[in-house]
Amino acid sequence: MTTHNTSLRYYYELFWVLVQKEFKIRYKASILGYFWSVFSPLAQGCIFFVAFGIFMRFPQENYLLFLLSALYPWQWISNALSHAPKIFLISPALVKKIAFPRFLMPAACAFQDMIHFLCSLPVFFLFSFLYGIFPTPICLLYIIIMLVVSYVMVASLGVIFSCINIYVRDMENIIPMLLQMLFFLTPVIYPLEVIPENFRLLLHANPFFALVSSWRSILLHHAMPWGMALEAAGIAGVAAWGARRLYARLSWKLAELL
């Protein structure tokens, strides 16, 4: 029992060291630091608001809130998974340590972007107050549930992508392009209603559709879409299982291939 507790404490302390390391690397010599993680999607949301809310006039009430409720979660997904394939390549000295649990590196990257997402929530709720929409207490519980589901999905996919990229270096170029395509195939900038009903079933082939839709329902309507949330949890569970199997199979050779 003592050995088990010592091992867990070692993993816990190492995990936080890696999170801090990611913060320092990402914002080294940056004046605004992590505020860019809030301002970047906010600026992007304002551009989409002008393009689709004013010029094209999507029939969507409170379109800016509608945008940000999905854009902030998407930013977490996109930032973490775009960075994940390169995570082993930029820290080869850590990967080559014999007793180092390498899966913590993409897991820490996903956690860092989760912190950025959490920092963006006050900005979203500030806009909500300006629109006269106030969150309910139960909304906090829903947010915690979706944080767990989202983190498991993003961290697990990060482990998968980082492991594969050691063997196939094209992954670090493929993943950002794939995420760009999935962004437009996910109802982030447009409402689900604009998609013809006979095509909506195809959206479930997108692994992030249920996750982003759940976040939008929680942040915008303060309601948990249990069907979508369970679908997202199922995808997260499959991703976690796949990450564990793949890491166990490939991790022994990662240091050799760097």
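His222 is buried in this predicted model, because its relative accessible area is 13% and burial requires a value under 20%. The residue is placed in the loop between α9 (209-221) and α10 (226-250). Its surroundings include parts of the chain that are distant in sequence: the C-alpha atoms of His222 and Tyr142 are separated by 8.2 Å, although these residues stand 80 residues apart along the chain. When residues up to four places away in sequence are not counted, His222 touches Ile133, Phe134, Pro135, Thr136, Cys139, Tyr142 and Ser217.

The backbone of His222 also deserves attention. Most residues other than glycine have a negative phi. His222 is not a glycine, yet its phi is positive, at about 55 degrees. Asn62 likewise has a positive phi, of about 50 degrees, and is not a glycine either. Asn62 belongs to the loop between α2 (36-55) and α3. With a relative accessible area of 23%, Asn62 is classed as partly exposed, because that class lies between 20% and 50%.

The following table sets out the accessibility of three residues discussed in this report.

| Residue | Relative accessible area | Class |
|---|---|---|
| His222 | 13% | buried |
| Asn62 | 23% | partly exposed |
| Val148 | 51% | exposed |

Val148 is found in helix α6 (residues 138-167). Why does Val148 count as exposed? Its relative accessibility is 51%, and the exposed class begins over 50%. Together with Leu140, Ile144 and Val152, Val148 makes a nonpolar surface patch of about 340 Å².

Aromatic residues form a further topic. The structure holds eleven aromatic pairs. One of them joins Tyr63 and Phe66, with 5.9 Å from centre to centre and 25 degrees between the planes. This pair is stacked, because planes under 30 degrees apart fall in that class. Both residues lie in helix α3 (residues 63-83), where they are three residues apart, about one turn of the helix. Tyr63 and Phe66 are both buried. Phe66 has another partner in Arg216, whose charged end sits over the ring of Phe66 at 3.5 Å from its centre. Elsewhere in the description of aromatic residues, Trp74, Phe183, Phe184 and Phe208 form one cluster.

These details belong to a chain with eleven helices and zero strands. From the N terminus on, each element in the order of the chain is therefore an α element. Of the 258 residues in the chain, 47% are buried. Among the contacts with a separation of 6 or more, 80% are between residues 24 or more positions apart. The accessible surface of the chain comes to about 13,500 Å², and carbon and sulfur atoms account for 70% of this area.

Methods. Residues are numbered from 1 along each chain as its sequence is written. This is a predicted model: local features need pLDDT of at least 70, side-chain atom pairs count only at pLDDT 80 or more; totals for chains, interfaces and linings use all residues. Side-chain values use heavy atoms; hydrogens and water are left out. Rings of Phe, Tyr and Trp (its six-membered ring) pair if their centres lie within 6.5 Å; planes under 30 degrees apart count as stacked, over 60 as edge-to-face and the rest as tilted. Helices (H or I, at least four residues) and strands (E, at least two) are DSSP runs, numbered from the N terminus. Buried means under 20% relative accessible area, exposed over 50%, partly exposed in between (1.4 Å probe, protein chains only). A charge sits over a ring if NZ of Lys or CZ of Arg is within 6 Å of the ring centre and within 35 degrees of the ring normal. Patches are made of residues with over 30% relative accessible area and no salt bridge: like charges are joined within 9 Å, nonpolar side chains (Val, Leu, Ile, Met, Phe, Trp, Tyr) within 5 Å. Accessible areas come from the Shrake-Rupley method with a 1.4 Å probe; for residues, only the protein chains shown count as cover. A salt bridge is a side-chain nitrogen of Lys or Arg within 4 Å of a carboxyl oxygen of Asp or Glu. Contact means heavy atoms within 4.5 Å.
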